[in-house]
Amino acid sequence: MATTVRKDKHKGDRAPRSKKVGDIVRRGSTALYGRSGSGKTTLAASWPKPMLYLNIIDNGDDSIRDVEDVDVVDITSSEELEEQLLWLAKQANKGKLIYKTVVLDTMSQLQGIFIDELGAKKKLQKGKKAGDFGTLTKQDWGTIAGDLKAVIMDVRNLPCESVFIAQERVFNAGDEEDDGIDALAPEVGTKLMPSVNKDLCASVSIIGNTFIKIKVHKEKDKGKTVRTVEKIFCLRSGPNEVYTTKIRKPKGVKAPDYITDPSFRKIKKIMKGTE
């Protein structure tokens with residue numbers, strides 16, 4: 001019984017095996033979302049190596065061909081993904097997992113795979129595709145959500161960094177079920193089912209929205225004004241009224257509204273309060 005008093009070898013006032021919270025280092029988990037071409041994959045490639053990049057019908061690896069120590073596996077079905085996750089779990093259990101980061105790009109495409117596979121088991125009306133109104137039951141959507149949440153937990157629980165990439169989506173804009181207030185204050189988050197989006201956001205320590213900031217430079221050339229456009233890749237990180245963002249950090253550390261030319265190291269410095 002836990003309440004039974006007995007002699008043990010532990011001495012001192014602190015709990016056995018306890019550590020000071022400042023001395024604990026845990027592997028992080030991150031969700032990156034944004035529009036196509038806004039730098040999601042390039043940012044993810046700045047995470048620690050060796051890296052396993054799971055290309056889920058996205059071909060985002062085209063933008064990181066010059067990055068060293070990244071292994072790519074193409075995923076086109078839930079069976080192929082399950083094979084990779086089982087292998088990763090076995091390697092981790094044996095203490096032989098060499099990867100420091102696992103990236104899933106994109107979760108939005110993975111959701112599409114689950115929808116199509118479940119729809120393929122049903123007899124759909126001609127001209128209809130899985131996911132169209134009325135093609136899947138509430139139970140079907142629950143099954144898909146459960147499968148996606150299981151993937152998130154399986155990857156997040158690996159002893160390495162995990163990065164989940166998704167397209168962006170606007171929630172609560174013109175929702176027929178709202179009271180009219182949310183329609184004026186839409187929320188932008190990952191392009192996933194609402195319940196999966198909430199689960200992912202709760203499971204990770206970092207949520208960032210990638211976007212491109214345009215800066216116009218004006219210069220005089222032979223009496224004429226020449227304009228050049230500079231594209232600056234950014235990541236929304238601090239509290240935002242519209243975009244879903246999160247960085248787990250000490251209370252006294254303030255996260256900036258956004259980070260220019262973001263990278264893993266810059267984000268970690270912010271989390272530690274050294275940036």
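# A tour of a predicted protein model

Helix α4 covers residues 138-156, and its 19 residues should span 27 Å at 1.5 Å a residue; its end C-alpha atoms are 27 Å apart, which agrees. The buried residues of this helix cover an arc of only 135 degrees around the axis, so they sit on the same side of α4. Keep in mind that this is a predicted model. The protein chain has six helices and 10 strands, and 39% of its 275 residues count as buried.

**Helix α4 and its two sides**

- Which residues of α4 are buried? They are D140, I144, A145, L148, V151, I152 and V155.
- What do these buried residues pack against? Their partners are α2, β4, α3 (107-120), β5 (161-171) and α5 (194-203).
- Turn to the face of α4 that points away from the buried side, and you will find the exposed residues K138 and Q139.

**Strand β2, covered on both faces**

- Strand β2 takes in residues 51-56, and six of its six residues are buried.
- In a regular strand, the side chains alternate between the two faces of the sheet.
- In β2, M51, Y53 and N55 lie on one side while L52, L54 and I56 lie on the other, and all of them are buried.
- On which strands does β2 find its parallel partners? One is strand β3 (residues 70-75), joined to β2 by six bridges, and another is strand β4 (residues 101-105), paired with β2 over five bridges.
- You can pick out individual partners too: L54 stands opposite V73 in β3, and N55 has D105 in β4 as its bridge partner.

**L81, a buried residue in helix α2**

- L81 belongs to helix α2, which runs over residues 78-93.
- Is L81 buried or exposed? Its relative accessibility is 1%, and because the cut-off for buried is under 20%, L81 counts as buried.
- Leaving out residues up to four places away in sequence, L81 touches L54, I75, L110 and V151.
- Two of these names may look familiar: L54 is one of the buried residues of β2, and V151 is one of the buried residues of α4.
- L81 and I56 are 25 residues apart in sequence, and their C-alpha atoms are 8.8 Å apart in space.
- For the chain in general, take the contacts with a separation of 6 or more: 61% of them are between residues 24 or more positions apart.

**Arginine and aromatic rings**

- What lies over the face of F211? It is R236, at 4.0 Å from the ring centre.
- The charged end of R236 also sits over the ring of Y243, 3.9 Å from its centre.
- As for rings paired with rings, the whole structure holds three aromatic pairs.

**Backbone details in the loops**

- The peptide bond from K49 to P50 is cis, with omega near 0 degrees, and P50 is in the loop between α1 (40-44) and β2.
- Another cis peptide bond runs from D105 to T106, with omega near 5 degrees; T106 lies in the loop between β4 and α3.
- D69 is not a glycine, yet its phi is positive, at about 65 degrees.
- D69 is found in the loop between β2 and β3, and it is partly exposed, with a relative accessible area of 47%.
- D261 also has a positive phi, near 45 degrees, in a residue other than glycine, and its place is the loop between β10 (258-260) and α6 (264-272).

Technical notes. Residues numbered from 1 in each chain as written. Predicted model: local features only at pLDDT ≥ 70, side-chain atom pairs only at ≥ 80, totals over all residues. Heavy atoms only, no water. Helix = DSSP H or I, 4+ residues; strand = E, 2+ residues; numbered from the N terminus. Buried < 20%, exposed > 50% of the residue type's maximum accessible area, 1.4 Å probe, protein only. Contact = heavy atoms within 4.5 Å. Phe/Tyr/Trp six-rings, centres within 6.5 Å; stacked < 30°, edge-to-face > 60°. Lys NZ or Arg CZ within 6 Å of the ring centre and 35° of its normal. Pairing = 2+ DSSP bridges. Expected span 1.5 Å × (residues − 1). Arc of directions from axis to C-beta.
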